[in-house]
Amino acid sequence: MDGAFEKRKKIIYEFICDDIYVPMKLKELAVLLQVPKEQKNELKEIMDALVEEGKVCISKKGKYCKGEAKRLNGIYHAHPRGFGFVTVEGESEDIFIDEDDTGGAFQGDTVEISITGKPDGKRKEGKVVRIISRGTVKLVGLYRVQKNKNYGFVIPDNQRFLQDVFIPQERAMGAVDGHKVVAELTSYGGDGRKPEGKIVEILGHVYDPGVDILSIVKNYDLPIEFPEKVMNQAQRTPDEVSEADRYGRKDLRDWQMVTIDGEDARDLDDAVSVTRDGEYYVLGVHIADVTNYVQERSALDREALNRGTSVYLADRVIPMLPHKLSNGICSLNAGVDRLALSCIMTIDQKGVVIDHEIAETVIHVNERMTYTSVKKILEDRDPDEIGRYEKLVPMFELMEELAGILRARRHQRGSINFDFPESKMVLDENGKPLEIKPYDRNVATKIIEEFMLIANETVAEDYYWQELPFVYRTHEAPDEEKMRKLATFINNFGYTMHIGVNEIRPKEVQKLLAKVEGSPEETLISRLALRSMKQAKYTPENTGHFGLAAPYYTHFTSPIRRYPDLQIHRIIKDNLRGRMNEDKIEHYQSILPEVTKHASETERRADEAERETIKLKKAEYMEAHIGEEFEGVISGITKWGIYVELPNTVEGLVHVTNMYDDHYDYYEEHYEMIGEHTHKVYKLGQTVRVQVIGTDRLTRTVDFVFAESEQ
């Protein structure tokens, strides 16, 4: 559909809106408008489009009438550039809201919108007609005092909150210029007036150690302190496993098993064991039995549900459970008895689980291993490390063998691996970043990854076929339109991807990533493929996991730090103990929709907070490198500039106003920027050289210019 179609659609809509128009059928409309016979199909397309947009409706007699614009309710998400999007349940895509149509809505508000159009090939557009409820009550920001005035302003940290908040002096709580504060909104402004508020908490001066991260914690409303009732309950938990708790459990204390985690991990919720039984492998994945100490509906349980997940920030961990449990009785520490829920799998030479058992167990971990140590044994063949863990080395070698078989089987079915580097931060005692480097994925991390995946799949499939209420980790197939765009784009590089009718297979994405591996366009195409994917979430219904090409998947392996895992442990234990009667089934069916929705929301909140702390520390780290040059890869292109990612994972922006050698035009469909006179091309995935020209901790941004050698 072209501009001429849109023009004709507009003319016809204006005609229908005229007071003299009376409802009529398509044939009558064609006669009245004197539409040639060969253009009647286009008239039908125009009327269908107007119906879809809610501008026209069809009566029971098939006559076209002027329609009331379709009204929808959803959550408003502001963009720092003024426009926004509304997420509506049941709609496959967010609805775009132009800057002039936001109706005074702020980030997180629940709004009513009317659909105003759907430009060809683009998302629906709408207009905010009513604010149903406010989503932002408090905000975190920098307090600035107006010189010689009896008021100040809070400049919000959240870039999606577009206006400063007016604070009268008597409501400033004694804050001084440069304080980071929490402000409560008392008025949302409008008609040319700024929002107003009062300061309810002073976090400290903007450059005091720790205030930067604390500001992010407060901004995302992450709960820090545990309520007194929760702490009292935590204090009453035992330090050791009692004989009564051991009773009736499968005793695995004589099994050789280890935990393998990062050096700084304290909450160890998974242990692993591997043996051979003839031609088969016996893999044990033993998970901390947290539910033994966190009873349903207890203060501990309610707080864990509220938090949803532990949050891992650059300089601190905000745990889901108090340390007495997460680092103590629930943590699978070496050398002590612990209660576990074990998934013991018999696996053949092809990586197929031919038998399994899920059991309540008591275990005794032999060693607390680190990824680094296991890597030294298996990859580096370090004689000192091998000597130190001599008795465990055969098991580690068996683990590596089995993990390789499982990985090959997963690859064969089409599981997708996006190996983008994650950041590892090294901070000093004051939170100052000393080093940023990509997180090392080695043989040990891959072993644990494979073992956790197969345990999660095995448990999910077991409970799916038992037809019991359960929590699944689901990942929908990507949006077909986005994948078709990707398929068209990769043709420019000589690649193809088969997309069936209403079906996209993970294997096709995996094959594409394998084809581009090692090529100059690998980063470009991998990123675009990732952006085409949907977000994984928790659901009570099993719809499979697209990215893993797994028909059944759950999260069973981390109950210390994720509430969904804790929830399914409770279901499994009720089932194992014969307590899954009709009342229990009804109970779980009633609570799981809300539990899974809340868990998905708290997971997204934690992810965003983690990303923001990393961006903050990256900006702070790059302050010491202003003026220096680095090689990087173009990671994003927009009409306002080019994003470049450095090998240490720092991303910065080359703003169009800082591209001095030419005027550059942005070509969205090709992810390119082209110079008007020089015809110089910058495209996604291209290697470039940049110079650091500035950083901003408050906006958590880094600014680059292209180095002279690039000009």
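Helices and strands are DSSP runs, a helix having at least four residues and a strand at least two, and they are numbered from the N terminus. The exercises below use these numbers on a predicted model.

**Exercise 1.** Where does Lys-37 lie, and is Lys-37 buried or exposed?

Solution.
Step 1. Lys-37 sits in the loop between helix H2 (26-32) and helix H3 (40-52).
Step 2. A residue is exposed when its relative accessible area is over 50%.
Step 3. Lys-37 has 73% relative accessibility, so it counts as exposed.
Step 4. Lys-37 is also one of the residues of a positive surface patch, together with Lys-25, Lys-27, Lys-40 and Lys-61.

**Exercise 2.** Find the place of Met-497 and decide whether this residue is buried or exposed.

Solution.
Step 1. Met-497 belongs to the loop between helix H13 (480-490) and helix H14 (506-516).
Step 2. The cut-off for buried is under 20% relative accessible area.
Step 3. With 11% relative accessibility, Met-497 counts as buried.
Step 4. Taken from C-alpha to C-alpha, Met-497 and Leu-252 are 49 Å apart in space, and 245 residues separate them in sequence.

**Exercise 3.** Classify the aromatic pair of Tyr-464 and Trp-465, then the pair of Phe-489 and Phe-493.

Solution.
Step 1. A pair of aromatic rings is described by the distance of the centres and the angle of the planes.
Step 2. Ring centres must lie within 6.5 Å, and planes over 60 degrees apart count as edge-to-face.
Step 3. A search of the whole structure gives 17 aromatic pairs. In one pair, Tyr-464 and Trp-465 are 5.1 Å apart centre to centre with 80° between the planes, which is edge-to-face.
Step 4. Tyr-464 is partly exposed at a relative accessible area of 33%, while Trp-465 is exposed at 56%.
Step 5. The pair of Phe-489 and Phe-493 is edge-to-face, with 5.5 Å centre to centre and 70° between the planes.
Step 6. Phe-489 counts as buried at 6% relative accessibility, whereas Phe-493 counts as partly exposed at 26%.
Step 7. Elsewhere, ring pairs join Phe-83, Phe-85 and Phe-96 into a cluster.

**Exercise 4.** Which elements are tied together by the salt bridge of Glu-184 and Lys-198, and which by that of Asp-574 and Lys-584?

Solution.
Step 1. The structure holds 49 salt bridges. In one of them, the closest N and O atoms of Glu-184 and Lys-198 are 4.0 Å apart.
Step 2. Glu-184 is in strand E11 (residues 179-187) and Lys-198 in strand E12 (residues 196-205), so this pair ties together parts 14 residues apart in sequence.
Step 3. Glu-184 is partly exposed at 24% relative accessibility, and Lys-198 is partly exposed at 31%.
Step 4. Asp-574 forms a salt bridge with Lys-584, the closest N and O atoms being 3.4 Å apart.
Step 5. Because Asp-574 lies in helix H16 (residues 563-576) and Lys-584 in helix H17 (residues 582-622), the pair ties together parts 10 residues apart in sequence.
Step 6. Asp-574 is buried, with a relative accessible area of 3%, but Lys-584 is partly exposed, with 23%.

**Exercise 5.** Trace the salt bridge of Arg-700 and Glu-612 to its network.

Solution.
Step 1. The side chains of Arg-700 and Glu-612 meet at 2.8 Å, N to O.
Step 2. Arg-700 is in the loop between strand E32 (687-696) and strand E33 (701-706), and Glu-612 is in helix H17, so the pair ties together parts 88 residues apart in sequence.
Step 3. Both Arg-700 and Glu-612 are buried.
Step 4. Through shared partners, salt bridges join Asp-157, Lys-180, Glu-612, Lys-615 and Arg-700 into one network.

Terms used: Residues are numbered from 1 along each chain as its sequence is written. Side-chain values use heavy atoms; hydrogens and water are left out. Patches are made of residues with over 30% relative accessible area and no salt bridge: like charges are joined within 9 Å, nonpolar side chains (Val, Leu, Ile, Met, Phe, Trp, Tyr) within 5 Å. Accessible areas come from the Shrake-Rupley method with a 1.4 Å probe; for residues, only the protein chains shown count as cover. Lys and Arg count as positive and Asp and Glu as negative; His and the chain ends are not counted. The place of a charge is taken as NZ of Lys, CZ of Arg, CG of Asp or CD of Glu. Buried means under 20% relative accessible area, exposed over 50%, partly exposed in between (1.4 Å probe, protein chains only). Rings of Phe, Tyr and Trp (its six-membered ring) pair if their centres lie within 6.5 Å; planes under 30 degrees apart count as stacked, over 60 as edge-to-face and the rest as tilted.
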